[in-house]
Amino acid sequence: MARMKEILTVAGTLACAIGIGFVMQNSDTAKARYGNQDRPAPRELEDTATSALLDVQQIRLTSGEFKGADDLPATSAFAASEPDENVIKVRAPQSVLEGPPAPGSADPVPACDITAEAQAIAAAMVNLRLDAPCFPNERVTVHHNGMIFTETTDAKGALNTTVPALARDAMFILAFGNGEGAVAQTEVEELIDYDRAVVQWKGNADFEIHAREFGANYGDAGHHWKEAPGEVADAVIGRGGVLTRHGDIAAADPLLAEVYTFPKAGSERAGTIALSVETEVTKANCGIEAEAQSLQLTGDGQIRTQDLMLSVPECDAVGSFLVLNNLLQDLKVAGN
């Protein structure tokens, strides 16, 4: 009989910062609780767990604004009244999660117009469109108020995607590997009505948010994760939250993000939404140093950010699950 995987509890703390930990569980334990599923969800912390240390780095509070040598230039384009007019070329700021560009993306390309447009839509989302005819099938990095992910343009150099807004005055930078790109801006008035939490990572770590609404257990209707993301329509009418994933996993050195959105203003229910960040140990990520980052909107519209470096267990732990505690704060919903 296969050896049962050891259950570990790992906690990391820094002065004046919230602790982060994880639980590792074996797949047999998860199946016993949740039944046979294509990807069973992990269970809560075991009472018999043993303790060790987790390396947590660079935890800090931030508003999500760009601060540094690559700040956006002061330009009247940002003050334009119509969002579709807010299009300029810019070099994107650096990110702690940024990876190398796709092969050949830094080579010189013929000069051509690159434009981007942003339009606010339902559930405080933004429809983002890019037209870059000189960059067909090219890796492009999307930056928005601290969130960052990579997409790939189509054969005509176009990209059309939906992004959850993290700021009322929402600005989006779309940058190619050689520094070319465009900026689009729009106003998202509905953002005040929504709670929003983000986890983003690089490569094969495959982190995922689990949101259990108002006491829901794993597998219940109120449990949202990548296999049961919920519907944007439910978030619009206040019925429940929704998870969205962003980024092209097939791109070179992909940067990926997952976002949980809950309609706090429209909800008729009051209570707590439990948030955790989890990942399965696979052959693709075992033994690696996984880098991740969380972003969460606070009540005053600021962004609370935490960076995480995690040593994924070695490959004899494949099939186990890591449950990160306190990387995201649970949501408190007042109800109507």
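Three strands make up an open sheet, in the order E5-E6-E9, with antiparallel pairing. At the edges stand strand E5 (115–121) and strand E9 (158–164), each pairing on one side only. From one strand to the next, the twist averages 15°. The model described here is predicted.

**Inside the sheet**

Look at strand E6, residues 125–131. Seven bridges join E6 to E9, and the two run antiparallel. Where does Met125 fit in? Met125 stands opposite Pro164 in E9. Pro164 turns up again further on: Met147 touches Pro164.

**The nonpolar cores**

In soluble globular proteins, nonpolar side chains tend to be buried together. Which residues have the most contacts inside the largest nonpolar core? They are Leu128, Leu130, Met147 and Leu174, in a core of 36 residues. A second, separate core has 30 residues, and Val199, Ile209, Tyr260 and Val312 are among them.

Take Met147 from the largest core. What does Met147 touch, not counting residues up to four places away in sequence? Its contacts include Val142, Val163, Leu166 and Val198. Gln200, Ala257, Val259 and Leu295 are also touched by Met147. Met147 belongs to strand E8 (147–152).

**Two asparagines with positive phi**

Asn137 is not a glycine, yet its phi is positive, at about 50°. Asn145 is not a glycine either, and its phi is also positive, at about 50°. Both sit in loops. Asn137 lies between E6 and strand E7 (139–144). Asn145 lies between E7 and strand E8 (147–152).

Is each one buried or exposed? Asn137 counts as exposed because its relative accessibility of 53% is over the 50% cut-off. Asn145 counts as buried because its 15% is under the 20% cut-off.

The table sets these two beside Arg212, a residue in strand E13.

| Residue | Place | Relative accessibility | Class |
|---|---|---|---|
| Asn137 | loop between E6 and E7 | 53% | exposed |
| Asn145 | loop between E7 and E8 | 15% | buried |
| Arg212 | strand E13 | 15% | buried |

**Arg212 and a distant partner in sequence**

Arg212 has its place in strand E13, which covers residues 208–213. Is Arg212 buried or exposed? Arg212 is buried, because its relative accessible area of 15% is under 20%. How far apart are Arg212 and Ala274 in sequence and in space? In sequence, 62 residues separate Arg212 from Ala274. In space, they are 5.1 Å apart, C-alpha to C-alpha.

Notes:
Residues are numbered from 1 along each chain as its sequence is written. This is a predicted model: local features need pLDDT of at least 70, side-chain atom pairs count only at pLDDT 80 or more; totals for chains, interfaces and linings use all residues. Side-chain values use heavy atoms; hydrogens and water are left out. Helices (H or I, at least four residues) and strands (E, at least two) are DSSP runs, numbered from the N terminus. Buried means under 20% relative accessible area, exposed over 50%, partly exposed in between (1.4 Å probe, protein chains only). Two strands pair if DSSP finds at least two bridges between them. Axes are lines fitted to C-alpha atoms, for helices over the stretch in contact, and angles run from 0 to 180 degrees between N-to-C directions. A nonpolar core is a set of buried Ala, Val, Leu, Ile, Met, Phe, Trp, Tyr and Cys residues joined through side-chain atoms within 4.5 Å. Contact means heavy atoms within 4.5 Å.
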